[in-house]
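Open your viewer and get ready to select residues by number. We will go stop by stop.

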Amino acid sequence: MKKQRAFLVLFLFSLFSPELFSLEYIDVYTKLSDTFAGFVDKNAGTTTFPSLNIPSGGREESLGSAFTALADDIGFFDYNPAASSVLKNTEVAFFHNSWIADSNLETVAGTFRKDNLGLGAKLKCFYVPFTEYNDFGERMTSGYYSETTGILNASYNFFNGYYFKGLAVGANLKFSWRSIPDFTSRDTGELIKNSGLSQSGLALMGDLGILLRFNAAKFFDDREPNLRIGLSLLNAGVALTGFGTSQGIRLDDGLPTELAAGISYRFAKPVAICADFRQPINLTDFSKSQMWSAGIGFDVKVTDFIELMAGFRLKGANPRISLGTEFKIKKFTVDLNYTLDLTSSLNPVNHFSVAARVNLGDQGRYLRELEAEGYYEDGLKYYAGGRMKEAVECWEKCLKLNPSFTPARNSIKLVKNSQKLFDRVIDIQSLE
């Protein structure tokens with residue numbers, strides 16, 4: 001315990017000390033590796049299309065990628081496809097993640113919601129410079145290794161009501177293309193046509209997700225439920241390679257398929273905590289399935305336009321620690337993230353990402369909800385004054401604007417049942 005405390009002090013001091021910042025990374029890395037040595041994964045790196053595991057960046061990465069249950073913005077695509085049907089607003093977003101070793105991930109996404117139906121699309125491209133040298137150190141070819149992934153999303157929120165916010169179910173249809181540039185022959189030094197194509201690959205896969213939202217131990221007023229539970233199956237499919245070869249197309253290594261379960265709880269209006277657990281599954285060889293991973297994130301809303309986030313993720317023997325901030329300017333939201341990532345590389349161990357989201361509105365849902373609540377309150381006033389007919393008319397208008405407004409439906413039933421009981425009493429009195 002004393003050793004761990006000493007390391008924590010050294011680690012924090014190294015982050016803010018210019019003298020140690022550039023000199024102590026190896027010691028920091030070594031001590032972290034020793035601390036989590038028991039989590040070494042012998043199957044690490046056995047799957048193809050590794051870019052599927054790289055977060056697009058921004059807010060989700062700042063929360064330790066523990067976004068399976070929270071999933072409350074356009075970053076839901078890689079975590080829970082059910083979330084598009086419960087997002088507040090239609091959004092368009094752009095992400096840039098400056099990953100390790102001069103690699104980058106660029107992402108553009110859009111989502112649209114119509115009542116309980118959610119639709120979305122996403123395109124992301126991971127790329128890293130590729131340069132080939134001969135035995136004498138002379139550059140022969142240059143280009144980019146890249147992995148491009150496209151996603152189409154659809155989801156629906158079933159049983160949406162005033163108290164129970166529904167069961168959201170969604171799916172992603174995904175494809176990925178791995179592009180490897182052509183390389184030269186070691187014997188002749190000439191470029192081999194289609195040599196890169198033979199090692200390129202195509203992946204076809206899908207995601208499934210479930211999201212539950214309800215209130216539990218809630219001690220503040222807010223329209224949104226404070227407890228969310230999410231389940232996801234991610235990257236289930238096959239990868240193919242061997243294009244343009246005499247042997248023909250064949251199965252590639254397994255994809256990074258995962259089962260994920262998450263929970264998010266907002267115990268105060270400005271503070272939320274989220275966590276998730278993931279179990280990789282190698283569908284081509286179960287014995288090569290990687291070790292589980294887990295993450296936790298904290299989200300604190302400082303003001304109406306500024307949020308602070310922190311996250312921790314353990315995957316294998318090396319942790320990932322992230323910090324981020326979000327600020328809003330009218331319809332624009334910008335997320336900045338810094339991650340100390342020891343799951344990927346020693347030098348550099350830190351990388352940055354930025355996300356910009358544009359809020360395109362909620363299709364008038366919020367105003368309709370306010371108008372529906374107004375009709376409900378008017379109905380209560382008529383009811384209190386004994387004007388039952390006018391009360392029912394107001395509550396019916398409320399339901400027309402918001403069919404999930406359960407109190408209005410229950411109030412109509414109460415009035416109708418009371419009227420039936422009154423009519424029955426009148427009938428009995430007339431018989432006497």
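The tour below starts with the whole chain and then visits strands, a surface patch, a loop and some salt bridges.

**Stop 1: the whole protein**

Keep in mind that this is a predicted model. Show the cartoon view. The protein has 8 helices and 15 strands. Its length is 432 residues, and 43% of them are buried. Now turn on the surface. About 22,700 Å² is exposed, and carbon and sulfur atoms supply 62% of that area. How far apart in sequence are residues that touch? Among contacts between residues at least 6 apart, 56% join residues at least 24 apart.

**Stop 2: strand β1 and its partners**

Select residues 91-98, which form strand β1. Which face is covered? Glu-91, Ala-93, Phe-95 and Asn-97 lie on the covered face. Val-92, Phe-94, His-96 and Ser-98 lie on the uncovered one.

Add residues 350-359, strand β15. β1 and β15 pair in the antiparallel sense, over 8 bridges. Click Phe-95: its bridge partner in β15 is Ala-355.

Next, add residues 104-114, strand β2. The pairing of β1 with β2 is also antiparallel and has 8 bridges. Here Ser-98 has Asn-104 as its bridge partner. The hairpin of β1 and β2 has 5 residues between the strands. Pick Ala-101 in this hairpin: it takes a positive phi near 55°.

**Stop 3: a nonpolar patch**

Go back to the surface view. Select Phe-112, Leu-117, Leu-119, Tyr-156, Phe-158, Phe-159, Phe-164, Val-169, Ile-210 and Leu-231. Together they form a nonpolar surface patch with about 880 Å² of accessible area. Two elements, β3 (117-133) and β4 (139-158), each give two or more residues to the patch.

Zoom in on Leu-117. This residue is in strand β3. Its relative accessible area is 35%, so it counts as partly exposed.

Move to Leu-231, in strand β7. Is Leu-231 buried or exposed? Neither label fits, because its relative accessibility is 44% and that counts as partly exposed. Show its contacts beyond the residues up to four places away in sequence. They are Thr-68, Asn-80, Leu-208, Gly-209, Ile-210, Ala-260 and Ala-261.

**Stop 4: strand β7 and its partners**

Stay on β7, and select residues 227-241. Add residues 201-214, strand β6. These two strands are antiparallel and share 13 bridges. Ala-203 stands opposite Ala-239 in β7.

Now add residues 257-268, strand β9. It runs antiparallel to β7, with 8 bridges joining them. Look for Leu-234, which stands opposite Glu-258 in β9.

Finish with residues 250-251, strand β8. Its antiparallel pairing with β7 has 2 bridges. Thr-241 stands opposite Arg-250 in β8.

**Stop 5: Ser-289 in a loop**

Select Ser-289, in the loop between β10 (271-281) and β11 (293-301). Its relative accessible area is 18%. That is under 20%, so Ser-289 is buried. What does its side chain reach? One polar atom of the side chain lies 2.9 Å from the backbone nitrogen of Asn-282. The side chain also reaches the backbone oxygen of Phe-286, at 2.9 Å. Leaving aside neighbours within four places in sequence, Ser-289 is in contact with Asn-43, Pro-280, Ile-281 and Asn-282.

**Stop 6: salt bridges**

The count of salt bridges comes to 22. Start with Arg-368 and Asp-115, whose closest N and O atoms are 3.8 Å apart. Arg-368 is in helix α6 (residues 365-384) and Asp-115 is in the loop between β2 and β3, so this pair ties together parts 253 residues apart in sequence. Arg-368 is partly exposed at 27% relative accessibility. Asp-115 is partly exposed too, at 40%.

Next, select Lys-269 and Asp-222. This salt bridge has its closest N and O atoms 3.9 Å apart. Lys-269 is in the loop between β9 and β10, while Asp-222 is in the loop between β6 and β7, 47 residues away.

Then select Arg-278 and Asp-276, which meet in a salt bridge at 3.3 Å, N to O. Arg-278 is buried at 9% relative accessibility, and Asp-276 is buried at 4%.

For the last view, select Arg-59, Asp-72, Asp-73, Glu-91, Asp-299, Glu-307, Glu-326, Asp-335 and Arg-357. Salt bridges that share partners join these residues into one network. Glu-91 should look familiar from the covered face of β1.

Methods
Residues are numbered from 1 along each chain as its sequence is written. This is a predicted model: local features need pLDDT of at least 70, side-chain atom pairs count only at pLDDT 80 or more; totals for chains, interfaces and linings use all residues. Side-chain values use heavy atoms; hydrogens and water are left out. Buried means under 20% relative accessible area, exposed over 50%, partly exposed in between (1.4 Å probe, protein chains only). Helices (H or I, at least four residues) and strands (E, at least two) are DSSP runs, numbered from the N terminus. Two strands pair if DSSP finds at least two bridges between them. Patches are made of residues with over 30% relative accessible area and no salt bridge: like charges are joined within 9 Å, nonpolar side chains (Val, Leu, Ile, Met, Phe, Trp, Tyr) within 5 Å. Accessible areas come from the Shrake-Rupley method with a 1.4 Å probe; for residues, only the protein chains shown count as cover. A salt bridge is a side-chain nitrogen of Lys or Arg within 4 Å of a carboxyl oxygen of Asp or Glu. Contact means heavy atoms within 4.5 Å. A polar contact is a pair of N or O atoms within 3.5 Å; within protein, one must be able to donate a hydrogen and the other to accept it, and residues adjacent in sequence count only if both atoms are side-chain atoms.
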